[in-house]
Structure formats: C-alpha cells, structure tokens
Amino acid sequence: MYPKLNIDKQKLAENVRFIKSESDKYGVDICCVTKCFCAIPEIVDIYFENGIREFADSRIQNLKKINYVGVKRWLLRLPMLSEVEDVVKYSDISLNSQVKTVQALGEEASKIGVVHNVVMMVDLGDLREGVRPEKAIETAKAFNSVDGIKLLGVGVNLNCYGGVLPTETNINELVQIAEEIEKECGITLEVISGGNSGSIYLMQEGKLNKRVNNLRLGEVVFVGQETSYQKNIEGMHENIFTLELEVIEIEDKPSVHIGETGLNSFGEVAVYEDKGIMKRAIVGCGRQDVDISMIEPLDKNIEIIGFSSDHIILDFTKKGESFIGEKIKFNVSYGAILSLCTSEYVCKEVR
Ligand SMILES: *Cc1c(COP(=O)(O)O)cnc(C)c1O
C-alpha cells in the first residue's frame, strides 16, 4: 500500500541503544517521546526492547497504547481540566504549571487512591508552558500542599515555540530554582528535567549541570541530530524514516499554466518560472498527508514542483528512465514524520 512510510528497525534499535548508553554515562535518565510517531505500537516496541522504560507523549490517546508492565508514562502537554480522570489513570507523571489543574488532579488521584506525580514547568524564555521564575516558589508550594499529589520535580522546555537555546546559564537557573524550592518546601526533588533533544549537546560537552538527571527525548532518537544546532550525532543513524510514493502519471507539459489563472485550491496565487516543456510526473500523496517543504527526493535529479490535497507534482526532466507504478523515495524531516504518521492514508511499515 502506498504512500508508504518505511521505518528502519535495525537503525532505530541502534540509535535507541546509543542514546541510552550515552545518557547513562552522564547520569541522565531519559524518557523517550513518542508523540511525533503517534506512539505506533510497533515503533514503541523497538524502544522497549532496547531498554527504554520511560515514555512520554503529549496526548492521552497515545499514552493509552503504551501499556508494558513496569514502564513510567509521562504526559507532556499540560492536562486539560476536562481530561484529569484519564490523566491520573493513564499517566504516572504529568507536566504542570496551573494550581487549579493540579488541584483537580489531586482530587481525582485521592478519589481512586493513588498519588499522582507532578513535574512543575518553569518558563526560562521560550514562552510556551511554565511559570516564570519569579512565580516558581509560590507555585511549587501550592503544588506541594495538594493531597494526592507528589511534587516530583521541575522541568523546562526550550527550542520549541521561541527557539530559545538551552545554555549553561538557563539550565543552571533551573537548578537554582529547584534548590530554592527544596529549601522552602523542605523536600528533595527527585527529578530535574533539563529539556528535550536540544539539550543533548550540553550533555555531550559535559556542560549539563550535574543535578539535571532527566531529559525528554523525541527527535534526536529517530533523526540522529541534536536540535539546537542541527548537528549529526556521531554514532547515530539519520534517516530512520523514508517515504515512498507511487507514480500515477508521466506527461510532457508546459511549465506555466495555460489560460487565465485565479486562486489555487488553497486560496493562493500560483507563480511558476517558465522552463519550457518539462517531463512532469504525479505521485499519489498530497497536502492532506504532508507538506512538500518537509520532504526531499533521494534522487537529486528529481525536483518537487508543487502539490494539491492529493497530488504531488514532480519534475522528471533530468531523471533517467521512469515508468508508471515506479516508487519514488524521499527523506523526511520531523514535521513530515509528524503529519505522515498522523495520516491514516499513509501505510507505515516497520522492517
Ligand atoms: C515534544 C516535547 C519534547 C520532545 O522534544 P524533542 O525535540 O522531540 O526531543 C520534550 N518535552 C516536551 C514538553 C515536549 O512537548
């Protein structure tokens, strides 16, 4: 079945083992983030079989699918008040910043007789989730006093909305906040979670504050690059996911439209360079599945011309022999993996 997203089992297994042993070396526990690939069980199995015992996802629907004995499940996105019942049921740890939400989680946890673990998120400038440092102590105290809740630790998320890089300075600030909370609340925080795949470079350079004992890793594991400077990590494979699309039309056509033009099907004005008559091909996949700016043909002689909901148009002028039914391979970026895994029209093959 096409479109097909191939997942290389062997390479992924090697990446998982590599990043696990690398983190072990620095005393950092990792929880592996499954949201990008919708926690597809066959992929999660590879992580589990290669030693991962903590998993994290932003959606409860995905956490529900991860149910090995003895694993910890983290909910990454701040819980909605309307889902606290499922949060307590399907996650062991959730990231939080809102006292109201933590109170609701505590109430639910007490009701079913469990203690729910909470990691308080601190915003250190990326401006997505988390309380600002000046509000951290007061919020931690409030979390710590809720029945049914254990304040397990603090965490930060960077590299996301604002693209702010993790540095020794902001990570040390997180640790400083954690230590103040410990003093003020008279507790020890078990977890200081120093970010995502963007923090790997600090760890590998030995610059991650020694009290940071957790990272939440998604992209680095299956893209093989750290995400602060997009550097390949020596010892890791890069193209774990590849996309294969099937050719459904090959025709010689002009490169500029004929006739009066209005807007395309997405309300945009189409502008194309006149390259004369081209050999154009269509493959069966489209905007409903993936954004073309996030995929790249392996064959450098193929160029992507454009797309609509269900069609991607390719320039085959420089390509050698080609035929209907031919499968064209593409490298995919994080954003492409995200949408391709979400699309039910794309077949996922782990092999
Ligand atoms: C998505 C996410 C991660 C993982 O990010 P990667 O860049 O894929 O490693 C970690 N923490 C939070 C809160 C996230 O939302």
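## A chain with a covered ligand

N159 lies in the loop that runs between β7 (149-156) and α7 (168-185). This is a predicted model. N159 counts as buried, because its relative accessibility is 18% and the limit for buried is under 20%. The backbone at N159 has a positive phi, near 60°, although N159 is not a glycine. Most residues other than glycine have a negative phi. The positive value at N159 is one of several backbone features described below.

### The chain as a whole

The chain has 351 residues, and buried residues make up 50% of them. It holds 10 helices and 16 strands. Along its principal axes, the C-alpha trace spans about 75 × 45 × 40 Å. The chain exposes about 16700 Å². Carbon and sulfur atoms supply 48% of that exposed area.

How many of the contacts between residues at least 6 apart in sequence join residues at least 24 apart? The share is 62%. Two pairs put sequence distance beside distance in space. F37 and D252 are 215 residues apart in sequence, and their C-alpha atoms are 37 Å apart. Y2 and L263 are 261 residues apart in sequence, and 29 Å separates their C-alpha atoms.

### The ligand

The ligand takes up the space of the largest pocket. It is surrounded by 13 residues. The closest are K35, S197, R216, G218 and E219. Three side chains from this group make the polar contacts listed here.

| Residue | Ligand atom | Distance |
|---|---|---|
| K35 | oxygen | 2.7 Å |
| S197 | oxygen | 2.5 Å |
| R216 | nitrogen | 2.8 Å |

On its own, the ligand has 390 Å² of accessible area, and the protein covers 94% of it.

### F37, C38 and helix α2

F37 sits in the loop between β2 (29-33) and α2 (41-49). Is F37 buried or exposed? F37 is buried, because its relative accessible area is 0% and buried means under 20%. Leaving out residues up to four places away in sequence, F37 touches I43, V44, Y47, F222, F241 and C341.

Three of those names come up again in α2. The buried residues I43, V44 and Y47 belong to this helix, and so do the buried I46 and F48. After α2 comes G51, with a positive phi near 105°.

C38 lies in the loop between β2 and α2. C38 is not a glycine, yet its phi is positive, about 55°. C38 is buried, with a relative accessible area of 16%.

### The start of the chain

Y2 is placed in the segment before β1 (4-7). P3 is in the segment before β1 too. Which residues does a cis peptide bond join? The bond links Y2 and P3, and its omega is about 0°. Most peptide bonds are trans.

Y2 is partly exposed, because its relative accessible area of 28% falls between the limits of 20% and 50%. Setting aside residues up to four places away in sequence, Y2 touches E244, E246 and K327.

### Toward the last strand listed

Where is S343 placed? S343 is in the loop between α10 (334-342) and β16 (347-350). S343 is buried, because its relative accessible area is 5% against a limit of under 20%. Not counting residues up to four places away in sequence, S343 touches D289 and K348.

### Putting it together

The ligand occupies the space of the largest pocket, and the protein covers 94% of its accessible area. Between β2 and α2, the loop holds the buried F37 and also C38 with its positive phi. Before β1, Y2 and P3 are joined by a cis peptide bond. Between α10 and β16, the loop holds S343, a buried residue.

Terms used
Residues numbered from 1 in each chain as written. Predicted model: local features only at pLDDT ≥ 70, side-chain atom pairs only at ≥ 80, totals over all residues. Heavy atoms only, no water. Helix = DSSP H or I, 4+ residues; strand = E, 2+ residues; numbered from the N terminus. Buried < 20%, exposed > 50% of the residue type's maximum accessible area, 1.4 Å probe, protein only. Contact = heavy atoms within 4.5 Å. Near = heavy atom within 4 Å. Polar contact = N/O pair within 3.5 Å; in protein donor to acceptor, adjacent residues only side chain to side chain. Areas by Shrake-Rupley, 256 points an atom, 1.4 Å probe, with all protein chains shown as cover. 1 Å grid on protein atoms, 1.4 Å probe; cavity = no way out; pocket = protein on both sides within 12 Å on 5 of 7 lines; lining within 4 Å. Sits in = over half its atoms within 2 Å of the grid points.
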